[in-house]
Amino acid sequence: MKNYPLALQIWFVFAALILGISVIVLSIMLVTFRSFFTEEIYASIEASQALFEPGELPMMMRERLFRERMDMHHNFRMVRHVLLLPDGQTIPNVRYPPEFLDLIRNQAAAQEGLIGRYRYRVEGNIIFYVIRSVSWRDRTVLLVSSMLDTYRDDLVATLFGRLGWIMILVFAGSIIPALQLARYLTRPLIFLDNHVKEIARRNWQTPVSLERKDEIGRLAKGIDSMRIQLLLQEKAQQSVLQHISHALKTPVMVIRSYLQSITDEVYPKDTLEKTIETLQQEAEGLEKRVRNFLFFTKLDVLVDRPLQLEPFDLANLIHNSIERFRLLRPELTWSISPTPLPIYGERESMTILLENILDNQIRYARSHIDIELQTTEKDIICKVTNDGPLLDPEMIQSLFEVYRTGYRGEFGLGLAIAQKIATRHAGTISAENQPNGVMFLIRLPYLKK
């Protein structure tokens with residue numbers, strides 16, 4: 001069914017719903033009508049029997065009145081009255097099957113009240129009858145009044161047929177409202193389908209707007225939100241390409257020009273050794289840029305993948321990172337207070353996070369860097385503070401954005417990578433000014449393997 005047009009599906013649902021309700025209603029009404037008319041049959045029989053209460057008249061007048069009423073009401077709503085005498089005779093003379101007469105006598109004998117209601121099936125028909133004890137010629141006899149179910153069945157069949165036609169007309173008439181509803185529902189869906197096709201063609205400029213607050217309206221808002229995100233992603237990709245081009249172009253141009261100068265036996269740094277040393281520094285910078293770009297892209301790929309947790313000592317990782325950076329600025333003094341702290345995490349990622357933070361710290365520190373490791377019931381807190389110049393308050397808000405560089409910044413990727421790693425570990429990283437410098441605050445939760 002899902003492969004058919006929506007209009008046809010809606011009509012199928014309408015039709016099935018109406019058909020189901022019709023069947024249920026007709027079944028209930030059939031049972032109700034049968035029960036109602038059965039009660040009416042018994043009420044008619046008993047009403048006709050009530051005419052056979054002549055009261056305290058003399059016997060001859062009573063018998064004559066009884067016979068007159070037998071003749072008068074023999075066809076009262078097709079009610080048939082028969083007196084059943086103790087000797088088995090019937091007035092008028094009617095030949096009932098012997099088993100039926102025995103059944104009537106047994107039912108009358110077991111009957112507790114003055115009258116009793118019964119039914120008997122014969123040759124596919126149901127006879128509804130009422131047994132009543134009456135006085136006849138100074139003796140008690142049985143008045144058996146009966147009616148066939150033909151009257152009831154005719155009424156039920158007539159009503160059932162008319163209701164059936166009404167249901168058929170309603171069923172046929174449901175096509176129009178079903179088609180109208182389908183058009184009402186499919187119009188915004190077609191509108192959204194066209195916009196999604198435009199988005200697939202990378203046409204992200206046209207907004208998706210529907211003045212609706214229902215599920216379709218929320219779908220339109222979701223599609224428009226996706227469009228905006230794709231637009232921002234496209235701009236980000238263009239920005240990435242521009243920054244990569246700019247970041248790689250300069251060292252490549254320097255290396256090529258220096259190599260050409262060496263070929264021409266011209267040494268930009270006075271001597272061959274100094275020129276080669278400069279080339280080596282540019283090559284190392286180029287390698288670092290490429291490594292950062294690759295790792296940043298790797299983090300984007302790993303964002304939805306689970307962490308590859310392994311145990312390691314965070315304090316030992318901090319000591320090892322510091323030892324590598326000491327050689328870059330030997331004049332700096334380090335104050336280190338971390339104690340052994342076994343944790344779970346991605347060791348490689350955490351190493352890069354610390355190295356990027358320390359790389360930023362030694363670039364701005366004047367003479368001192370302080371590292372403090374604290375623990376709480378929920379978090380691990382690492383504070384890295386330098387005594388360099390304070391941050392511009394406006395820069396603090398955007399410090400960890402991609403390609404955001406300070407006045408001594410290099411590529412604008414180091415702190416962005418650090419933040420991505422912290423976020424991947426469900427942690428946070430922030431920077432704030434202190435009285436004597438700048439502090440980076442790394443907060444990580446305890447992770448369990």
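This is a guided tour of the structure, with a suggestion at each stop of what to select next and what is there.

**The whole chain**

Begin with everything displayed, and keep in mind that the model is predicted. Colouring by secondary structure brings out 11 helices and 12 strands. The protein has 449 residues, and buried residues make up 38% of them. If you then switch on a surface, its accessible area comes to about 27,500 Å², and 57% of that area belongs to carbon and sulfur atoms. Among the contacts with a separation of 6 or more, 64% are between residues 24 or more positions apart.

**Helix α3: an ion pair along one helix**

Select residues 98–110, which make up helix α3, and show the side chains of aspartate 102 and arginine 105. These two form a salt bridge, with the closest N and O atoms 3.4 Å apart. Along the helix the partners are 3 residues apart, which means that about one helical turn separates them. An α-helix has 3.6 residues a turn, so residues three or four places apart point the same way. Both ends of this pair are partly exposed, arginine 105 at 31% relative accessibility and aspartate 102 at 41%.

**Helix α5 and what lies just after**

Move on to residues 175–200, helix α5, where aspartate 193 and lysine 197 lie 4 residues apart, about one turn of the helix. Their side chains meet in a salt bridge, at 3.3 Å from N to O. Aspartate 193, at 35% relative accessibility, counts as partly exposed, and lysine 197, at 42%, also counts as partly exposed.

Next, add glutamate 198 and arginine 201 to the selection, where another salt bridge has its closest N and O atoms 2.7 Å apart. Is arginine 201 buried or exposed? Arginine 201 is exposed, because its relative accessible area of 56% lies over the 50% cut-off, whereas glutamate 198, at 30%, counts as partly exposed.

**A linked set of charges**

Now select Glu39, Glu46 and Arg117, which are linked in a network of salt bridges. Side chains of opposite charge can pair when their charged atoms come close. Across the whole structure, a search finds 11 salt bridges, so the stops above are a sample for the viewer rather than a full list.

**A nonpolar patch on the surface**

Turn next to Tyr267, Leu272 and Ile276, which form a nonpolar patch on the surface and together have about 230 Å² of accessible area. Of these, isoleucine 276 is found in helix α7, residues 272–302, and is partly exposed, with a relative accessible area of 43%.

**Where α9 and α11 cross**

For the last stop, display helix α9, residues 347–364, together with helix α11, residues 414–424, whose axes come within 9 Å of each other and cross at roughly 145°. The crossing of α9 past α11 is left-handed. Which residues meet here? On the α9 side they are Ser349, Met350, Ile352, Leu353, Asn356, Ile357 and Asn360, and on the α11 side Gly414, Leu415, Ile417, Ala418, Ile421 and Ala422.

Keeping α11 selected, look at which of its residues are buried: among them are Leu415, Ile417, Ala418, Ile421 and Ala422, as well as Ala416 and Arg424. Finally, step past the end of α11 to alanine 426, which follows the helix and has a positive phi, near 60°.

Terms used:
Residues are numbered from 1 along each chain as its sequence is written. This is a predicted model: local features need pLDDT of at least 70, side-chain atom pairs count only at pLDDT 80 or more; totals for chains, interfaces and linings use all residues. Side-chain values use heavy atoms; hydrogens and water are left out. Patches are made of residues with over 30% relative accessible area and no salt bridge: like charges are joined within 9 Å, nonpolar side chains (Val, Leu, Ile, Met, Phe, Trp, Tyr) within 5 Å. Accessible areas come from the Shrake-Rupley method with a 1.4 Å probe; for residues, only the protein chains shown count as cover. A salt bridge is a side-chain nitrogen of Lys or Arg within 4 Å of a carboxyl oxygen of Asp or Glu. Helices (H or I, at least four residues) and strands (E, at least two) are DSSP runs, numbered from the N terminus. Buried means under 20% relative accessible area, exposed over 50%, partly exposed in between (1.4 Å probe, protein chains only). Axes are lines fitted to C-alpha atoms, for helices over the stretch in contact, and angles run from 0 to 180 degrees between N-to-C directions. A crossing is left-handed if the near helix is turned anticlockwise from the far one by less than a right angle, and right-handed if clockwise. Contact means heavy atoms within 4.5 Å.
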